[in-house]
Amino acid sequence: MARILACLGVGAWILLLWPFPVTTVLGMGVACVSYPLYARWSGGISEKLSLSLYAAALSVAVLLPIVAVISLITPQAVAGVRTLDRFRESGWWNSPETLAWFDSLDGWLRELPGLEGGLEQLASSAASLAGSAARTVLAGGMGLAGGAFQFILELVVFVMIATLCVGNAQVIRAAARRLTAFPEPMLDRFIVTIRGAISAVLMGVVFVAVIQGALCGVAFAAADVPQAAFWGLIAAFVAPIPFVGTALVWLPACLWLWLTGSTFASIGLALWCALVVAGADNILRPFFLKTGIDASLVTLLLSILCGLAAFGPVGVFAGPVLVAVGIQAGRESLSCPAEKLEPQPPAA
(Lines give C-alpha, C1' and ligand atoms only; values in the text may rest on other atoms or scores of the structure.)
Protein backbone atom coordinates (compact mmCIF):
# COMPACT_ATOMS: atom_id res chain seq x y z
CA MET A 1 0.00 0.00 0.00
CA ALA A 2 2.82 2.44 0.87
CA ARG A 3 4.47 1.91 -2.52
CA ILE A 4 1.19 2.44 -4.35
CA LEU A 5 0.61 5.72 -2.52
CA ALA A 6 4.17 6.85 -3.29
CA CYS A 7 3.60 6.04 -6.97
CA LEU A 8 0.39 8.06 -6.95
CA GLY A 9 2.17 11.04 -5.41
CA VAL A 10 5.03 10.93 -7.92
CA GLY A 11 2.58 10.47 -10.79
CA ALA A 12 0.58 13.52 -9.71
CA TRP A 13 3.72 15.68 -9.73
CA ILE A 14 4.75 14.32 -13.14
CA LEU A 15 1.37 15.23 -14.62
CA LEU A 16 1.52 18.69 -13.04
CA LEU A 17 5.03 19.46 -14.33
CA TRP A 18 4.59 17.74 -17.69
CA PRO A 19 4.52 21.05 -19.67
CA PHE A 20 7.98 21.99 -18.30
CA PRO A 21 10.20 18.89 -18.70
CA VAL A 22 13.50 20.72 -19.26
CA THR A 23 12.82 23.28 -16.54
CA THR A 24 11.84 20.52 -14.12
CA VAL A 25 14.97 18.48 -14.74
CA LEU A 26 17.23 21.54 -14.44
CA GLY A 27 15.49 22.67 -11.24
CA MET A 28 15.81 19.23 -9.65
CA GLY A 29 19.44 19.01 -10.72
CA VAL A 30 20.30 22.40 -9.21
CA ALA A 31 18.48 21.44 -6.01
CA CYS A 32 20.40 18.16 -5.81
CA VAL A 33 23.74 19.92 -6.19
CA SER A 34 22.98 22.86 -3.91
CA TYR A 35 21.24 20.96 -1.08
CA PRO A 36 24.42 20.26 0.95
CA LEU A 37 25.24 23.98 0.90
CA TYR A 38 21.68 24.88 1.85
CA ALA A 39 21.66 22.39 4.71
CA ARG A 40 24.95 23.81 6.01
CA TRP A 41 23.92 27.45 6.34
CA SER A 42 20.21 27.06 7.10
CA GLY A 43 20.61 25.32 10.42
CA GLY A 44 20.38 28.41 12.63
CA ILE A 45 17.42 30.18 10.98
CA SER A 46 13.78 29.37 10.35
CA GLU A 47 12.75 27.22 7.42
CA LYS A 48 10.66 29.96 5.76
CA LEU A 49 13.49 32.48 5.96
CA SER A 50 16.09 30.01 4.70
CA LEU A 51 13.91 28.98 1.74
CA SER A 52 13.19 32.64 0.91
CA LEU A 53 16.90 33.44 0.94
CA TYR A 54 17.61 30.38 -1.18
CA ALA A 55 15.01 31.38 -3.79
CA ALA A 56 16.29 34.96 -3.87
CA ALA A 57 19.93 33.86 -4.23
CA LEU A 58 19.03 31.41 -7.00
CA SER A 59 17.06 34.08 -8.87
CA VAL A 60 19.96 36.52 -8.68
CA ALA A 61 22.41 33.82 -9.78
CA VAL A 62 20.30 33.15 -12.88
CA LEU A 63 19.32 36.72 -13.78
CA LEU A 64 22.61 38.50 -13.16
CA PRO A 65 24.59 36.74 -15.94
CA ILE A 66 21.66 37.12 -18.36
CA VAL A 67 21.37 40.86 -17.72
CA ALA A 68 25.15 41.30 -17.97
CA VAL A 69 25.33 39.39 -21.26
CA ILE A 70 22.39 41.29 -22.76
CA SER A 71 23.79 44.69 -21.77
CA LEU A 72 27.27 43.89 -23.11
CA ILE A 73 26.46 41.82 -26.17
CA THR A 74 23.33 43.43 -27.65
CA PRO A 75 25.11 46.59 -28.98
CA GLN A 76 27.83 44.42 -30.51
CA ALA A 77 25.25 42.07 -32.04
CA VAL A 78 23.53 45.01 -33.75
CA ALA A 79 26.89 46.34 -34.95
CA GLY A 80 27.78 42.82 -36.15
CA VAL A 81 24.70 42.67 -38.35
CA ARG A 82 25.56 46.07 -39.82
CA THR A 83 29.13 44.93 -40.46
CA LEU A 84 27.86 41.87 -42.31
CA ASP A 85 25.61 44.09 -44.44
CA ARG A 86 28.49 46.42 -45.34
CA PHE A 87 30.71 43.42 -46.03
CA ARG A 88 28.09 41.98 -48.36
CA GLU A 89 27.54 45.30 -50.17
CA SER A 90 31.27 45.95 -50.70
CA GLY A 91 31.50 43.32 -53.47
CA TRP A 92 34.87 42.05 -52.25
CA TRP A 93 34.33 38.69 -53.96
CA ASN A 94 34.42 40.35 -57.41
CA SER A 95 37.94 41.76 -57.04
CA PRO A 96 40.62 40.19 -59.31
CA GLU A 97 42.78 39.17 -56.35
CA THR A 98 39.89 37.34 -54.67
CA LEU A 99 38.85 35.58 -57.89
CA ALA A 100 42.41 34.42 -58.53
CA TRP A 101 42.69 33.11 -54.97
CA PHE A 102 39.43 31.20 -55.34
CA ASP A 103 40.62 29.71 -58.64
CA SER A 104 43.79 28.40 -57.00
CA LEU A 105 41.80 27.05 -54.05
CA ASP A 106 39.36 25.33 -56.43
CA GLY A 107 42.22 23.60 -58.24
CA TRP A 108 43.72 22.42 -54.96
CA LEU A 109 40.39 21.06 -53.70
CA ARG A 110 39.77 19.09 -56.90
CA GLU A 111 42.94 17.10 -56.20
CA LEU A 112 41.60 15.89 -52.83
CA PRO A 113 39.71 12.58 -52.71
CA GLY A 114 35.98 13.09 -52.31
CA LEU A 115 36.13 16.75 -53.43
CA GLU A 116 36.37 16.30 -57.17
CA GLY A 117 33.66 18.93 -57.54
CA GLY A 118 35.95 21.57 -56.06
CA LEU A 119 34.54 24.70 -54.48
CA GLU A 120 31.08 24.09 -55.93
CA GLN A 121 30.73 20.79 -54.05
CA LEU A 122 32.21 22.26 -50.87
CA ALA A 123 29.96 25.31 -51.07
CA SER A 124 26.90 23.16 -51.58
CA SER A 125 27.62 21.16 -48.42
CA ALA A 126 28.49 24.29 -46.44
CA ALA A 127 25.37 26.08 -47.65
CA SER A 128 23.21 23.21 -46.44
CA LEU A 129 24.79 23.28 -42.99
CA ALA A 130 24.75 27.07 -42.83
CA GLY A 131 21.12 27.17 -43.91
CA SER A 132 20.11 24.78 -41.14
CA ALA A 133 22.14 26.73 -38.60
CA ALA A 134 20.72 30.06 -39.78
CA ARG A 135 17.15 28.79 -39.59
CA THR A 136 17.81 27.49 -36.08
CA VAL A 137 19.38 30.76 -34.93
CA LEU A 138 16.65 32.91 -36.51
CA ALA A 139 13.89 30.75 -35.07
CA GLY A 140 15.52 30.86 -31.66
CA GLY A 141 16.01 34.62 -31.91
CA MET A 142 12.42 35.24 -32.89
CA GLY A 143 11.25 32.92 -30.12
CA LEU A 144 13.40 34.80 -27.63
CA ALA A 145 12.14 38.16 -28.83
CA GLY A 146 8.51 37.13 -28.67
CA GLY A 147 8.67 34.82 -25.67
CA ALA A 148 9.52 37.14 -22.80
CA PHE A 149 6.50 35.98 -20.84
CA GLN A 150 7.40 32.34 -21.43
CA PHE A 151 10.94 33.01 -20.21
CA ILE A 152 9.69 34.66 -17.03
CA LEU A 153 7.24 31.82 -16.46
CA GLU A 154 9.91 29.16 -16.85
CA LEU A 155 12.28 31.11 -14.61
CA VAL A 156 9.63 31.25 -11.88
CA VAL A 157 8.88 27.54 -12.32
CA PHE A 158 12.61 26.74 -12.19
CA VAL A 159 13.15 28.65 -8.95
CA MET A 160 10.01 27.20 -7.37
CA ILE A 161 10.94 23.61 -8.29
CA ALA A 162 14.46 23.99 -6.94
CA THR A 163 13.16 25.60 -3.74
CA LEU A 164 10.50 22.93 -3.24
CA CYS A 165 13.01 20.14 -3.78
CA VAL A 166 15.47 21.66 -1.33
CA GLY A 167 12.80 22.31 1.29
CA ASN A 168 11.30 18.82 0.96
CA ALA A 169 14.51 16.87 0.43
CA GLN A 170 13.78 14.44 3.23
CA VAL A 171 10.27 13.79 1.93
CA ILE A 172 11.65 13.13 -1.56
CA ARG A 173 14.25 10.79 -0.09
CA ALA A 174 11.57 8.88 1.83
CA ALA A 175 9.45 8.59 -1.33
CA ALA A 176 12.43 7.28 -3.27
CA ARG A 177 13.05 4.77 -0.49
CA ARG A 178 9.44 3.61 -0.74
CA LEU A 179 9.49 3.33 -4.52
CA THR A 180 12.81 1.54 -4.89
CA ALA A 181 12.88 -0.46 -1.64
CA PHE A 182 16.64 0.14 -1.61
CA PRO A 183 18.52 -0.09 1.70
CA GLU A 184 19.36 3.36 3.03
CA PRO A 185 23.13 3.06 2.44
CA MET A 186 22.54 2.02 -1.17
CA LEU A 187 20.09 4.88 -1.75
CA ASP A 188 22.62 7.33 -0.29
CA ARG A 189 25.28 6.04 -2.68
CA PHE A 190 22.95 6.61 -5.63
CA ILE A 191 22.22 10.16 -4.42
CA VAL A 192 25.93 10.90 -4.11
CA THR A 193 26.50 9.47 -7.59
CA ILE A 194 23.79 11.63 -9.16
CA ARG A 195 25.02 14.73 -7.32
CA GLY A 196 28.60 14.11 -8.41
CA ALA A 197 27.54 13.55 -12.03
CA ILE A 198 25.53 16.78 -12.16
CA SER A 199 28.39 18.75 -10.60
CA ALA A 200 30.83 17.22 -13.08
CA VAL A 201 28.61 18.19 -16.03
CA LEU A 202 28.19 21.74 -14.72
CA MET A 203 31.95 22.14 -14.41
CA GLY A 204 33.01 20.09 -17.43
CA VAL A 205 30.43 21.40 -19.90
CA VAL A 206 29.06 24.76 -18.74
CA PHE A 207 32.11 26.18 -16.93
CA VAL A 208 34.58 25.01 -19.59
CA ALA A 209 32.33 26.47 -22.31
CA VAL A 210 32.40 29.85 -20.54
CA ILE A 211 36.20 29.68 -20.32
CA GLN A 212 36.50 28.83 -24.01
CA GLY A 213 34.14 31.64 -24.98
CA ALA A 214 36.17 34.12 -22.92
CA LEU A 215 39.45 32.93 -24.47
CA CYS A 216 37.97 33.26 -27.95
CA GLY A 217 36.61 36.72 -27.16
CA VAL A 218 40.03 37.91 -25.95
CA ALA A 219 41.69 36.52 -29.07
CA PHE A 220 39.09 38.10 -31.36
CA ALA A 221 39.65 41.48 -29.70
CA ALA A 222 43.44 41.15 -30.02
CA ALA A 223 43.08 40.24 -33.72
CA ASP A 224 40.74 43.21 -34.35
CA VAL A 225 37.78 41.01 -35.24
CA PRO A 226 34.66 43.23 -35.14
CA GLN A 227 32.24 42.62 -32.25
CA ALA A 228 34.65 40.34 -30.42
CA ALA A 229 32.42 39.92 -27.35
CA PHE A 230 29.46 38.86 -29.48
CA TRP A 231 31.45 36.19 -31.32
CA GLY A 232 32.97 35.06 -28.03
CA LEU A 233 29.45 34.51 -26.72
CA ILE A 234 28.57 32.48 -29.82
CA ALA A 235 31.74 30.43 -29.28
CA ALA A 236 30.65 29.69 -25.71
CA PHE A 237 27.26 28.47 -26.95
CA VAL A 238 28.75 26.05 -29.48
CA ALA A 239 31.66 24.92 -27.27
CA PRO A 240 29.81 21.90 -25.76
CA ILE A 241 29.34 20.34 -29.23
CA PRO A 242 31.78 17.40 -29.33
CA PHE A 243 34.60 17.32 -31.92
CA VAL A 244 33.85 20.73 -33.50
CA GLY A 245 32.91 23.16 -30.71
CA THR A 246 34.45 26.62 -30.95
CA ALA A 247 36.02 25.83 -34.34
CA LEU A 248 32.61 26.64 -35.83
CA VAL A 249 33.34 30.27 -34.89
CA TRP A 250 37.08 30.82 -34.96
CA LEU A 251 37.79 29.06 -38.27
CA PRO A 252 35.52 31.46 -40.23
CA ALA A 253 37.10 34.36 -38.31
CA CYS A 254 40.58 33.21 -39.36
CA LEU A 255 39.43 32.90 -42.97
CA TRP A 256 37.91 36.40 -42.87
CA LEU A 257 41.16 37.85 -41.50
CA TRP A 258 43.14 36.07 -44.20
CA LEU A 259 40.92 37.34 -46.99
CA THR A 260 41.03 40.91 -45.70
CA GLY A 261 44.83 40.94 -45.70
CA SER A 262 45.47 40.42 -41.97
CA THR A 263 47.70 37.41 -42.54
CA PHE A 264 49.64 37.51 -39.28
CA ALA A 265 46.48 38.11 -37.25
CA SER A 266 44.84 35.15 -38.98
CA ILE A 267 47.77 32.84 -38.25
CA GLY A 268 48.04 34.07 -34.65
CA LEU A 269 44.33 33.60 -34.04
CA ALA A 270 44.44 30.10 -35.52
CA LEU A 271 47.40 29.12 -33.35
CA TRP A 272 45.84 30.56 -30.20
CA CYS A 273 42.51 28.83 -30.74
CA ALA A 274 44.02 25.53 -31.87
CA LEU A 275 46.44 25.35 -28.93
CA VAL A 276 44.96 27.32 -26.03
CA VAL A 277 41.19 27.17 -26.62
CA ALA A 278 41.20 23.59 -27.87
CA GLY A 279 43.70 22.71 -25.13
CA ALA A 280 41.27 23.95 -22.49
CA ASP A 281 38.64 21.68 -24.02
CA ASN A 282 40.95 18.67 -24.22
CA ILE A 283 42.37 19.06 -20.71
CA LEU A 284 39.78 20.75 -18.48
CA ARG A 285 36.63 19.03 -19.77
CA PRO A 286 37.88 15.43 -19.30
CA PHE A 287 39.35 16.41 -15.92
CA PHE A 288 36.09 17.83 -14.56
CA LEU A 289 33.89 15.13 -16.06
CA LYS A 290 36.00 12.29 -14.71
CA THR A 291 36.04 13.80 -11.21
CA GLY A 292 32.32 13.06 -10.89
CA ILE A 293 31.75 10.20 -13.35
CA ASP A 294 33.96 7.13 -13.35
CA ALA A 295 33.82 6.44 -17.09
CA SER A 296 36.09 6.77 -20.09
CA LEU A 297 36.15 9.97 -22.12
CA VAL A 298 34.69 8.16 -25.14
CA THR A 299 31.76 6.97 -23.00
CA LEU A 300 31.16 10.49 -21.68
CA LEU A 301 31.22 12.04 -25.16
CA LEU A 302 28.88 9.33 -26.40
CA SER A 303 26.52 9.99 -23.49
CA ILE A 304 26.40 13.72 -24.37
CA LEU A 305 25.73 13.04 -28.05
CA CYS A 306 23.06 10.42 -27.35
CA GLY A 307 21.54 12.62 -24.64
CA LEU A 308 21.26 15.55 -27.05
CA ALA A 309 19.65 13.31 -29.66
CA ALA A 310 17.19 11.77 -27.20
CA PHE A 311 16.29 14.65 -24.88
CA GLY A 312 17.36 17.85 -26.63
CA PRO A 313 19.40 20.47 -24.73
CA VAL A 314 18.70 18.86 -21.37
CA GLY A 315 20.44 15.75 -22.71
CA VAL A 316 23.78 17.44 -21.99
CA PHE A 317 22.95 16.76 -18.33
CA ALA A 318 20.71 13.71 -18.66
CA GLY A 319 23.11 11.64 -20.76
CA PRO A 320 26.11 11.66 -18.37
CA VAL A 321 23.83 11.34 -15.33
CA LEU A 322 22.18 8.24 -16.79
CA VAL A 323 25.60 6.76 -17.53
CA ALA A 324 26.70 7.42 -13.94
CA VAL A 325 23.51 5.84 -12.57
CA GLY A 326 23.98 2.82 -14.83
CA ILE A 327 27.57 2.34 -13.69
CA GLN A 328 26.56 2.66 -10.04
CA ALA A 329 23.69 0.18 -10.56
CA GLY A 330 26.13 -2.31 -12.04
CA ARG A 331 28.43 -1.96 -9.05
CA GLU A 332 25.58 -2.38 -6.63
CA SER A 333 24.43 -5.52 -8.43
CA LEU A 334 27.89 -7.03 -8.06
CA SER A 335 27.94 -6.29 -4.33
CA CYS A 336 24.53 -7.81 -3.70
CA PRO A 337 24.46 -11.45 -2.61
CA ALA A 338 23.56 -13.82 -5.41
CA GLU A 339 20.07 -15.22 -5.27
CA LYS A 340 19.89 -18.93 -4.77
CA LEU A 341 17.49 -20.67 -7.08
CA GLU A 342 15.64 -23.63 -5.62
CA PRO A 343 15.92 -26.80 -7.70
CA GLN A 344 12.84 -27.52 -9.74
CA PRO A 345 11.21 -30.93 -9.32
CA PRO A 346 11.61 -33.23 -12.30
CA ALA A 347 8.82 -33.18 -14.79
CA ALA A 348 6.36 -36.03 -14.48
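This report describes the overall fold, one pocket and one surface patch of a predicted model.

## Overall architecture

The protein contains 13 helices and 0 strands. Read along the sequence, the pattern is therefore a succession of α elements, written α-α-α-α-α-α-α-α-α-α-α-α-α. Of the 348 residues of the protein, 30% count as buried.

## The second largest pocket

The second largest pocket holds about 280 Å³ of space. Its lining is formed by 17 residues, and those nearest the centre of the pocket are Phe243, Val244, Asp281, Asn282 and Arg285.

Three helices, α10 (247-259), α11 (263-292) and α12 (297-311), each supply at least two residues of this lining. The largest share comes from α11, with 5 residues. By residue class, the lining of the second largest pocket comprises 11 nonpolar, 4 polar and 2 charged residues.

## A nonpolar surface patch

On the surface, eight named side chains are not scattered in this account but listed as one nonpolar patch of about 680 Å²: Leu63, Ile66, Val67, Ile70, Phe151, Ile152, Val156 and Met160. Helices α3 (47-89) and α6 (148-167) each supply at least two residues of the nonpolar patch.

Val156 is one of the residues that make the patch, and its place is in helix α6. Is Val156 buried, partly exposed or exposed? Val156 counts as partly exposed because its relative accessibility is 40%, and the partly exposed class lies between the cut-offs of under 20% for buried and over 50% for exposed.

Methods. Residues are numbered from 1 along each chain as its sequence is written. This is a predicted model: local features need pLDDT of at least 70, side-chain atom pairs count only at pLDDT 80 or more; totals for chains, interfaces and linings use all residues. Side-chain values use heavy atoms; hydrogens and water are left out. On a 1 Å grid over the protein atoms alone, a cavity is a set of points where a 1.4 Å probe fits but cannot get out, and a pocket is an open set with protein on both sides within 12 Å along at least five of seven lines; lining residues have an atom within 4 Å of a point. Grid points are joined across faces, edges and corners, and a volume is the space filled by probe spheres set on the points. Helices (H or I, at least four residues) and strands (E, at least two) are DSSP runs, numbered from the N terminus. Ala, Val, Leu, Ile, Met, Phe, Trp, Tyr, Cys and Pro count as nonpolar, Asp, Glu, Lys and Arg as charged, and the others, Gly among them, as polar. Patches are made of residues with over 30% relative accessible area and no salt bridge: like charges are joined within 9 Å, nonpolar side chains (Val, Leu, Ile, Met, Phe, Trp, Tyr) within 5 Å. Accessible areas come from the Shrake-Rupley method with a 1.4 Å probe; for residues, only the protein chains shown count as cover. A salt bridge is a side-chain nitrogen of Lys or Arg within 4 Å of a carboxyl oxygen of Asp or Glu. Buried means under 20% relative accessible area, exposed over 50%, partly exposed in between (1.4 Å probe, protein chains only).
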